[in-house]
Amino acid sequence: MADGPKVIGSAVIPCLRYRDAPKAIEWLCTTFGFEPHAVHRGSDGTIAHAELRLGAGMIMLASATPNEFGRLMKQPEHVGAPVTQSVYVVVPDVDRVYGQAVRAGATIAMGITDEPHGRGFSCYDPEGHLWSFGTYDPW
């Protein structure tokens, strides 16, 4: 894509916290195809800040710590189901991502369905964050 137009990422970037952020990074990259853009470790081995890219999109994540920002957030295990928010990811081949999620042990919340606006599914990652993937692209 060196000869193509420069891809500009979204100005809206979801932020998540994980109890085991290093394991979450590995799982998100292996399962959903994210790629590390930046990973900054704390002196105690936690993840102070990480940025993972998928196409032109990005998420940020860190270890769940009781710092000032961390105290503003609750982990999914603390609020139960349903969770209060989710991440939606536009993908060209939702069936492939669905298969990867199933093989990786994701808990499927809503199986693959065809809707008038596209095809998609929702699942929980190992720490209970809700993810939705679909072919619908509002852009």
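User: A strand here is a DSSP run (E) of at least two residues, and strands are numbered from the N terminus. In this predicted model, which strand holds Gly134?

Analyst: The model is predicted. Strand S8 covers residues 130–134. Gly134 has its place in strand S8.

User: Is Gly134 buried or exposed?

Analyst: A residue is buried when its relative accessible area is under 20%. Gly134 has a relative accessibility of 1%. Because that value is under the cut-off, Gly134 counts as buried.

User: Which residues does Gly134 touch, leaving out those up to four places away in sequence?

Analyst: Contact is counted for heavy atoms within 4.5 Å. With sequence neighbours up to four places away left out, the residues touched by Gly134 are Tyr88, Val89, Val90, Val91, Val94, Arg119 and Gly120.

User: How far apart in space are Gly134 and His117, C-alpha to C-alpha?

Analyst: In sequence, Gly134 and His117 are separated by 17 residues. In space, their C-alpha to C-alpha distance is 9.4 Å.

User: Which element supplies the largest share of the largest nonpolar core?

Analyst: This core has 26 residues, and Leu28, Phe32, Leu61, Trp131 and Phe133 touch the most other members. Several elements each supply at least two of its residues, among them strand S1, helix H3 and strand S8. The largest share is seven residues, and it comes from H1.

User: Why does Gln100 count as buried?

Analyst: Gln100 lies in helix H3. The buried residues of H3 are Val94, Val97, Gly99, Gln100 and Ala101, and they pack against H1, strand S6, S7 and S8. Buried means under 20% relative accessible area. Gln100 counts as buried because its relative accessibility is 18%.

User: Which backbone oxygen does the side chain of Gln100 reach?

Analyst: The side chain of Gln100 makes a polar contact with the side chain of Arg96 at 2.5 Å. Leaving out residues up to four places away in sequence, Gln100 touches Thr30, Thr31 and Phe32. At 2.5 Å, the backbone oxygen reached by the Gln100 side chain is that of Thr31.

User: What is the relative accessible area of Val90, and how much accessible area does its nonpolar patch have together?

Analyst: Val90 lies in strand S5. Partly exposed residues fall between 20% and 50%, so Val90, at 37%, is partly exposed. Val90 forms a nonpolar surface patch with Tyr88 and Tyr136, and their accessible area together is about 270 Å².

Methods: Residues numbered from 1 in each chain as written. Predicted model: local features only at pLDDT ≥ 70, side-chain atom pairs only at ≥ 80, totals over all residues. Heavy atoms only, no water. Core = buried A, V, L, I, M, F, W, Y, C linked by side-chain atoms within 4.5 Å. Buried < 20%, exposed > 50% of the residue type's maximum accessible area, 1.4 Å probe, protein only. Helix = DSSP H or I, 4+ residues; strand = E, 2+ residues; numbered from the N terminus. Polar contact = N/O pair within 3.5 Å; in protein donor to acceptor, adjacent residues only side chain to side chain. Patch = residues over 30% accessible without salt bridge, like charges linked within 9 Å, V, L, I, M, F, W, Y side chains within 5 Å. Areas by Shrake-Rupley, 256 points an atom, 1.4 Å probe, with all protein chains shown as cover. Salt bridge = Lys/Arg side-chain N within 4 Å of Asp/Glu carboxyl O.
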